[in-house]
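Trainee: Got a minute to go through this one with me? I'd like to start with any enclosed space and then look at some helix packing.

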Amino acid sequence: TMVNPVDRITAARKITWGDDDLVVATYPKSGTHMLVLTSVLVLLRGEWVPETDLHSLIYSPEFSLSNNARDMSEPRETSPTHPRVICTHMPPLHLNFDASASAGARFLTVIRDPVATMSSLRRMEQLLFGGMAGSLDSMLEWNLQTRETGWLEYALSWWAHREHKSVLILKFEDMVASPRKAIAAIAEMGGIALGESETAAVVEKMGKKWALEHIDPYHYAASTPFTPPDAKLASKSNFVVDSSKLTDMFDRLNGTQKLHVRKAYWTSVTGLTEGGDAVAASFYKENRAYFCEGGNWC
């Protein structure tokens, strides 16, 4: 609600999605851009019109109209892709999952290491609010609290549906390491059969380097009023940040803070597991590195 209007969020929660909808639902800074871009590229068979604003090809129901996304009320046949690509940060409950899945909607989500997610959230906070952003410690404390939209709760909300035929759960790290496998899974969900040349084109264009160089480069100079005007470190409309060019305005998670984040989530997930939460137990078992890497508590 700091960025998006409450009335749009409320209206978005009432939508039942259907068989012409590919809903990309992600936790913020978990690989949203990569998954949305890859999904669009798959549906366009690797083709891309230079300097196209990615948001002009997708629908973002709860986001501010200022992000250039397509109008939700337009006729479905005008969508540049079929199925339509819906970008949202809402969990299954707010997407009317049962009714939407029954209506034929398909759902994609990506889960990313919580330490990397928190680090990226911090950079976004500083890009959005500049000197008004709180301290790194206060941001971490706020994000580590148990709340409806916390990283762990969001991940578990989708993990509970992991075996549903309409749900595809990807890991950000796997998308980076094995892009072809991720592309094949997305294509299957989208009802698309890609040839080798088409797959190769998607692999080339789904990465950050290509996105920064080819997606709306006319917005390349500055992404917010707080971004150094000549830094050329981010895409304005797509918010892809070139971390190799970050300035001193950003602080980073140090080793101690990274372990603090990881252990905090380990404490949360093991607490749920010990309390008999089968979904949490399964998620912990399949993703131990998210909670244990670099620590001596597991």
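Trainee: Which residues line the largest cavity?

Mentor: Keep in mind that this is a predicted model. Going along the chain, the lining of the largest cavity takes in Tyr27, Ser30, Thr109, Val110, Ile111, Arg112, Trp151, Tyr154 and Ala155.

Trainee: And which elements give two or more residues to that lining?

Mentor: Look at where the lining residues sit: Thr109, Val110 and Ile111 are among them, and so are Trp151, Tyr154 and Ala155. The elements that supply two or more are β3 (106-111) and α6 (151-159).

Trainee: How does the lining of the largest cavity split by class?

Mentor: Arg112 is part of the lining, and charged residues number one there. The full split is six nonpolar, two polar and one charged.

Trainee: How much space lies in the largest cavity?

Mentor: Searching the whole structure turns up one cavity of 30 Å³ or more. The space in the largest cavity is about 50 Å³.

Trainee: On to the helices: how is α11 oriented relative to α12?

Mentor: The axes of α11 (residues 255-274) and α12 (residues 278-286) come within 7 Å and cross at roughly 130°. An angle over 145 degrees would count as roughly antiparallel, and 65 to 115 as roughly perpendicular. The crossing fits neither, so α11 is oblique to α12.

Trainee: What classes of residue make up the contact of α11 with α12?

Mentor: From α11 come Trp266, Val269, Thr270, Leu272 and Thr273, while α12 brings Ala280, Ala281 and Tyr284. By class, that contact is six nonpolar, two polar and no charged.

Trainee: Last one: what is the handedness of the α11 and α12 crossing?

Mentor: We had the two axes crossing at roughly 130°. The handedness of that crossing is left-handed.

Methods. Residues numbered from 1 in each chain as written. Predicted model: local features only at pLDDT ≥ 70, side-chain atom pairs only at ≥ 80, totals over all residues. Heavy atoms only, no water. 1 Å grid on protein atoms, 1.4 Å probe; cavity = no way out; pocket = protein on both sides within 12 Å on 5 of 7 lines; lining within 4 Å. Points joined across faces, edges and corners; volume = space filled by probe spheres on them. Helix = DSSP H or I, 4+ residues; strand = E, 2+ residues; numbered from the N terminus. Nonpolar A, V, L, I, M, F, W, Y, C, P; charged D, E, K, R; others polar. Axes fitted to C-alpha atoms, helices over the stretch in contact; angles between N-to-C directions. Parallel < 35°, antiparallel > 145°, perpendicular 65-115°, else oblique. Left-handed = near helix turned anticlockwise from the far one by under 90°. Contact = heavy atoms within 4.5 Å.
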